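Colleague: I should like a close look at one part of this predicted model, namely the salt bridges. Please describe the residues that take part and the setting in which they are placed.

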Amino acid sequence: MSEDDFDVLYRTLYRALLAKAYLAAGSRLQVAEDAVQEAFIQCWRRMNDPAKPPVEHWGGWLSVTVVREALRRRSTEILFDLGRHDSALAAPDVAVEVHLKEVYRRTCTEMARLNERPRRAMVLRFLAGLSPAEVAEEMGIAQATVRVHIAEARRALEPLRMELEQLGIVSDEKEGGGHG
């Protein structure tokens, strides 16, 4: 992949990846930004390593990498800077922008309120796109426990479900997908 292709990938995916990382990091902007930057560094290295197998879908690969980095980097000392983060969600229509920011703020607040393990399971499953088996492996727990954690997170986030779908943070798919 050329440097121009990488630049297009970065410009196309940065905001969506930052949103995912921000939720995964429990509303910690610096952690989210660092996770996205690290994911793109790993992407660049992977693209330029002929010894590695090719990646078919960089969007999925980057989503998984960003979420894993955000979860790994999560730190309690870093506080949410709402004013700085607002610029990451710029939209051409002011009414749409205001609505999206409000939904995003409420989502971040609710995600931050979740207990650690349900949030981690939800983030790995629906933001990173891992299968339930992969989430179980990543968290070192049984798949049944993953289902319990996801059910807990879904109950807490249910009032925001439709708005989360509109933002593209989650889809209405029940258990489809995975990553590529």
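Modeller: The account below begins with the chain as a whole, turns to the salt bridges in detail, and ends with two further sites.

The model is a predicted one. Its protein chain contains 9 helices and 0 strands, so that the order of elements from the N terminus reads α-α-α-α-α-α-α-α-α under the DSSP assignment of helices and strands. Of the 180 residues in the protein chain, 43% are buried. Among contacts with a separation of 6 or more, 69% join residues that lie 24 or more positions apart. The accessible surface amounts to about 9700 Å², and carbon and sulfur atoms contribute 52% of that area.

The structure holds 5 salt bridges, and three of them are described here, beginning with one in helix 5. In that helix, which spans residues 94-113, Arg 113 and Glu 110 are placed 3 residues apart, or about one turn of the helix. Their side chains form a salt bridge with an N to O distance of 2.8 Å. The two partners can be set side by side in terms of accessibility. Arg 113 has a relative accessible area of 60% and is exposed, because the threshold for that class is over 50%. Glu 110, at 24%, is partly exposed.

The other two salt bridges belong to helix 6, which covers residues 116-127, and Glu 116 takes part in each of them. With Arg 119, Glu 116 forms a salt bridge in which the N to O distance is 2.6 Å. These two residues stand 3 residues apart in helix 6, a separation of about one helical turn. With Arg 120, Glu 116 forms a salt bridge whose closest N and O atoms are 4.0 Å apart. That pair is 4 residues apart in helix 6, again a separation of about one helical turn. Glu 116, Arg 119 and Arg 120 are thereby linked in a network of salt bridges.

The accessibility of each member of this network may be considered in turn. Glu 116 has a relative accessible area of 32%, which places it among the partly exposed residues. Arg 119 has a value of 2%; it is classed as buried because the limit for that class is under 20%. Arg 120, with a relative accessibility of 25%, is partly exposed.

A further residue, His 149, has contacts in the region of the chain that holds this network. His 149 lies in helix 8, which comprises residues 143-157, and its relative accessibility of 12% makes it buried. When neighbours within four places in sequence are set aside, His 149 is in contact with Arg 117, Pro 118, Ala 121, Met 139 and Ile 141.

One charged site on the surface completes the account. Glu 3, Asp 4, Asp 5 and Asp 7 gather there in a patch of negative charge. Such a patch takes in residues with no salt bridge, so these four acidic residues stand apart from the pairs described above. Glu 3 belongs to helix 1, which runs over residues 3-24. With a relative accessible area of 54%, Glu 3 is exposed.

Conventions: Residues are numbered from 1 along each chain as its sequence is written. This is a predicted model: local features need pLDDT of at least 70, side-chain atom pairs count only at pLDDT 80 or more; totals for chains, interfaces and linings use all residues. Side-chain values use heavy atoms; hydrogens and water are left out. Buried means under 20% relative accessible area, exposed over 50%, partly exposed in between (1.4 Å probe, protein chains only). Contact means heavy atoms within 4.5 Å. Accessible areas come from the Shrake-Rupley method with a 1.4 Å probe; for residues, only the protein chains shown count as cover. Patches are made of residues with over 30% relative accessible area and no salt bridge: like charges are joined within 9 Å, nonpolar side chains (Val, Leu, Ile, Met, Phe, Trp, Tyr) within 5 Å. Lys and Arg count as positive and Asp and Glu as negative; His and the chain ends are not counted. The place of a charge is taken as NZ of Lys, CZ of Arg, CG of Asp or CD of Glu.
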